Amino acid sequence: MDELVSRVAAVLAEAHRVHAVVSERANGVDEDWALFYAWWLVRWSALPELLPRLPGVAGVTAELVRLDIEHRAAGGASPWADHYAMALVQRFGGVMEGSRR
């Protein structure tokens, strides 16, 4: 896995840890998980710096839902964060430090 995909996967894993703390108040159930992830990823994480063409919260929410459906349909063969990261980098491009366009 290339370095950018690894960094995006790490940001997604961090979002998962933050969400776990927040959703604990709802006994771990959050039907709006994608909205929370998208909000956190767009507003608080390093993801917009890694993927500068990233859409806003609504666009990221839709993308996360699409990726969840796709990952489940594939039987979850790969770790979800790796699968999502690869797809996000392919869809929205990205830059590494020192290689800003």
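Which helix gives the most to the lining of the largest pocket? Here are a few notes on this predicted model, starting with that one.

1. The answer is α4, with three residues in the lining. Helix α4 has company there, as α1, α2 and α5 also each supply at least two residues. The pocket itself has a volume of about 200 Å³.

2. If you would like to find the pocket on screen, pick out His16, His19, Trp33, Tyr37, Asp68, His71, Arg72, Trp80 and Tyr84, which line it. Sorted by class, that lining has four nonpolar, three polar and two charged residues.

3. Helix α2 (residues 33-43) is worth a look next: Ala34, Phe36, Tyr37, Ala38, Trp40, Leu41 and Val42 are buried in it. The cover over these buried residues includes α1, α3 (47-50), α4 (57-73) and α5 (80-92). Tyr37 belongs both to this buried group and to the lining of the largest pocket.

4. The largest nonpolar core has 29 residues, and the members touching the most others are Val8, Leu12, Leu41, Leu51 and Leu64. Each of α1, α2, α3, α4 and α5 supplies at least two residues of this core. In soluble globular proteins, nonpolar side chains tend to be buried together. Val8 is a good place to start tracing: beyond its neighbours within four places in sequence, Val8 is in contact with Leu47, Leu50, Leu51, Ala85, Leu88 and Val89.

5. Lastly, Ser23 lies in helix α1 (residues 3-23). Ser23 counts as buried because its relative accessible area is 8%, under the 20% cut-off. Setting aside neighbours within four places in sequence, Ser23 is in contact with Gly28, Val29 and Asp30.

Terms used:
Residues are numbered from 1 along each chain as its sequence is written. This is a predicted model: local features need pLDDT of at least 70, side-chain atom pairs count only at pLDDT 80 or more; totals for chains, interfaces and linings use all residues. Side-chain values use heavy atoms; hydrogens and water are left out. Helices (H or I, at least four residues) and strands (E, at least two) are DSSP runs, numbered from the N terminus. Buried means under 20% relative accessible area, exposed over 50%, partly exposed in between (1.4 Å probe, protein chains only). Contact means heavy atoms within 4.5 Å. A nonpolar core is a set of buried Ala, Val, Leu, Ile, Met, Phe, Trp, Tyr and Cys residues joined through side-chain atoms within 4.5 Å. On a 1 Å grid over the protein atoms alone, a cavity is a set of points where a 1.4 Å probe fits but cannot get out, and a pocket is an open set with protein on both sides within 12 Å along at least five of seven lines; lining residues have an atom within 4 Å of a point. Grid points are joined across faces, edges and corners, and a volume is the space filled by probe spheres set on the points. Ala, Val, Leu, Ile, Met, Phe, Trp, Tyr, Cys and Pro count as nonpolar, Asp, Glu, Lys and Arg as charged, and the others, Gly among them, as polar.
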